[in-house]
Amino acid sequence: MKKSGKIFLLGFMGSGKSTLGKKVATRLNIDFIDLDNFIEQQENKTISAIFAEEGEAYFRKIEQNALEVLCQKPDNMIIALGGGTPCFFNNMELINNTGISIYLKYNSGILSSRLLKAKSTRPLIKNKTKEELVAFIDNMLLDRKFHYNKAQFVVENRNVKVEDILVLI
Ligand code: S3P
């Protein structure tokens, strides 16, 4: 692996960053870290509770801080970022200066059907209907495209396999 041996998976909520990250980590025999879980452990609160009690701006600050902490660790690891992580502060520059970034890119049709089943723990979408969810994702993808496209690699609209990642690193 290049640089410090860190691989960052980015993409919208529901793009399968954690599922894939765990598999790649097992194959490479390195640590897997889910940034949301890392924040939850540090704060001793769920992401939903942090959003509800402290607000999104506070969440984005501690998210940036958690990313910096992980980037400073010397270990090889694969990190599943939160869907919004690349879009705040200079996070994408930090990510690209630290390791390899891979964007798992899906359209709003695929993302919305995946997220309908798993929206309760995600504060930004938990109260949305299917139609609202599709519109929300389309808008967010427009906003976030600029940041997501800074990833060094993009894997688009398909079921990404561990092998697809291994050829990139
Ligand atoms: C968010 C995505 C979530 C979590 C938070 C905000 C976003 O992570 O960080 O709810 O802004 O897209 P996942 O992409 O792991 O669901």
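How exposed is K45, given as a relative accessible area? In this predicted model, K45 is partly exposed, and its relative accessible area is 26%.

**View 1. The side chains of K45 and E53 form a salt bridge.** The nitrogen-to-oxygen distance in this pair is 2.9 Å, and the general idea behind such a pairing is that side chains of opposite charge can pair when their charged atoms come close. While K45 is partly exposed at 26%, its partner E53 counts as exposed, with a relative accessibility of 54%; E53 is placed in that class because exposed means over 50% relative accessible area. In the structure as a whole there are 7 salt bridges, and the two views that follow show further examples.

**View 2. A salt bridge between E93 and K150.** The side chains of these two residues meet with 3.2 Å from N to O. The pair links distant parts of the chain, since E93 belongs to helix α5 (residues 91–98) and K150 to the loop between α7 (130–148) and β5 (153–156), with their positions 57 residues apart in the chain. Both ends of the bridge fall in the partly exposed class, E93 at 34% relative accessibility and K150 with a relative accessible area of 28%.

**View 3. K105 and E156 meet in a salt bridge.** Here the N to O distance between the side chains is 3.9 Å. This pair, too, links distant parts of the chain, with K105 in strand β4 (residues 100–105) and E156 in strand β5, 51 residues apart. K105 is partly exposed, with a relative accessible area of 26%, and E156 also counts as partly exposed, at 44% relative accessibility. Elsewhere in the structure, K45, E53 and E54 are joined into one network by salt bridges that share partners.

**View 4. Helices α4 and α5 pack against each other.** Two packed helices are described by the angle between their axes and the distance between the axes. For α4 (residues 56–72) and α5 the angle is about 10 degrees and the axes lie 11 Å apart, and the two helices are therefore roughly parallel to each other. On the α4 side the contact is made by Q64, L67, E68 and C71, which meet N91, L94, I95 and T98 of α5. Sorted by character, the residues of this contact comprise 4 nonpolar, 3 polar and 1 charged.

**View 5. Helix α7 has a kink and a set of buried residues.** The kink is about 40 degrees and is centred on L142. The buried residues of this helix are L133, F136, I137, M140, L141, R144, H147 and Y148, a list that contains R144 and H147 alongside residues such as L133 and F136. These buried residues pack against β1 (6–10), α4, α5, β4 and α6 (108–116), so that the reader can follow α7 to both helices shown in View 4.

**View 6. I47 and its surroundings.** I47 lies in helix α3 (residues 47–54) and counts as buried, at 8% relative accessibility. Leaving out residues up to four places away in sequence, I47 touches D36, I39, E40, F59 and P123. The C-alpha atoms of I47 and R122 are separated by 7.7 Å, although these two residues are 75 residues apart along the chain.

Note on methods: Residues are numbered from 1 along each chain as its sequence is written. This is a predicted model: local features need pLDDT of at least 70, side-chain atom pairs count only at pLDDT 80 or more; totals for chains, interfaces and linings use all residues. Side-chain values use heavy atoms; hydrogens and water are left out. A salt bridge is a side-chain nitrogen of Lys or Arg within 4 Å of a carboxyl oxygen of Asp or Glu. Buried means under 20% relative accessible area, exposed over 50%, partly exposed in between (1.4 Å probe, protein chains only). Axes are lines fitted to C-alpha atoms, for helices over the stretch in contact, and angles run from 0 to 180 degrees between N-to-C directions. Angles under 35 degrees count as roughly parallel, over 145 as roughly antiparallel, 65 to 115 as roughly perpendicular and the rest as oblique. Contact means heavy atoms within 4.5 Å. Ala, Val, Leu, Ile, Met, Phe, Trp, Tyr, Cys and Pro count as nonpolar, Asp, Glu, Lys and Arg as charged, and the others, Gly among them, as polar. The bend at a residue is the angle between axes fitted to the seven residues ending there and the seven starting there.
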